[in-house]
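The following exercises treat strand burial, sheet topology, helix geometry and the surroundings of a ligand. Each task is followed by a worked solution.

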Amino acid sequence: MTNRHWRKSQSEDFFIKDSRRKGYRSRSVYKLSEIDDRFNIFKNVKSVIDIGSCPGGWSDFARRRIKKGKVIAIDINEMEPIGGVTFIHGSIEDQTLQDNVFGQNNKEKFDLIISDMSPNKSGNKVSDQYKFYNIADGILEFSQNVLISKGVLVMKVFIGHGFEEFKSDLKENFERVSYFKPKSSRRESRETYVIAKNIRYN
Ligand SMILES: C[S@@+](CC[C@H](N)C(=O)[O-])C[C@H]1O[C@@H](n2cnc3c(N)ncnc32)[C@H](O)[C@@H]1O
């Protein structure tokens, strides 16, 4: 084993052991925790939607951070229940689901949307990126309808095909947009996280 690989597996080992010790549902929690440390995303937050929530690490973290308040989690896979989290089984792309849960024209408003959503990979990088940004566009539109005007959208995105277009859409739709790659995100992964604040009303 080379030094570099040894160091990498040592740090992987740390995240896995530490998450078990702390009872986290996923390794992804470290990423949300780093984002929170840096951008204080839960400040004054009373309602959260977690898109692509399974197995529940981020939802559980959100529930602990806001204590009282509302956390809604959505995923196409089933999620083991978490006290204080309302789980909705379905796709964020489903308009009927959106109407049923958030009211026609998305009447109910939320302070924060977090999304660690990633669709299953097909092996074809271009079509995977295309599929991802198709759903991501839907999440952006949904966030415009559902967030309060000073609301925050935290979302995983993948650098590559479709990223630049999505970046300019974000800039058009939010006043402040930051990008952040947490230390706990694998260096070789093309994922990075968007923190978008304050909706722009054109
Ligand atoms: C990386 S996992 C999320 C991990 C989660 N943040 C945690 O900490 O436990 C990505 C999730 O996105 C979900 N997903 C993919 N496409 C989706 C869609 N269209 N609607 C809702 N969830 C979706 C997947 O089923 C998967 O559970």
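**Exercise 1.** Determine how many of the residues of strand S1 are buried, and on which faces they lie.

*Solution.* Five of the five residues of S1 are buried, so this strand is largely enclosed by the rest of the structure. A residue is called buried if 20 or more other C-beta atoms, placed from the backbone, lie within 10 Å of its own. Helices (H or I, at least four residues) and strands (E, at least two) are DSSP runs, numbered from the N terminus. The model is a predicted one, in which local features need pLDDT of at least 70 and side-chain atom pairs count only at pLDDT 80 or more, whereas totals for chains, interfaces and linings use all residues. Residues are numbered from 1 along each chain as its sequence is written. In a regular strand the side chains alternate between the two faces of the sheet. In S1, Ser47, Ile49 and Ile51 are buried on one side, and Val48 and Asp50 on the other.

**Exercise 2.** State how S1 is joined to S2, and which residues of S2 stand opposite Asp50 and Ile51.

*Solution.* S1 and S2 run parallel and are joined by five bridges; two strands pair if DSSP finds at least two bridges between them. Asp50 stands opposite Ala73, and the bridge partner of Ile51 is Ile74. As for S2 itself, five of its six residues are buried, so it too is largely enclosed by the rest of the structure.

**Exercise 3.** Give the strand order of the sheet and identify its edge strands.

*Solution.* The seven strands form an open sheet of mixed pairing, in the order S3-S2-S1-S4-S5-S7-S6. The edges are S3 (85-89) and S6 (174-180), each of which pairs on one side only. S6 runs antiparallel to S7 (residues 191-199), with six bridges between them. Ser178 stands opposite Ile195 in S7.

**Exercise 4.** Compare the span expected for helix H5 with the distance between its end C-alpha atoms, and list its buried residues.

*Solution.* The expected span is 1.5 Å times one less than the number of residues. For the 22 residues of H5 (residues 125-146) this should be 32 Å, and the end C-alpha atoms are 31 Å apart, which agrees. The buried residues of H5 are Phe132, Tyr133, Ala136, Leu140, Phe142, Ser143 and Val146.

**Exercise 5.** Establish which elements each supply at least two residues of the ligand shell, and how the shell residues divide by type.

*Solution.* H3 and S2 each supply at least two shell residues. The shell divides into 11 nonpolar (Ala, Val, Leu, Ile, Met, Phe, Trp, Tyr, Cys and Pro), four charged (Asp, Glu, Lys and Arg) and nine polar residues (the others, Gly among them).

Note on methods: Buried ≥ 20, exposed ≤ 12 C-beta atoms within 10 Å, placed from the backbone.
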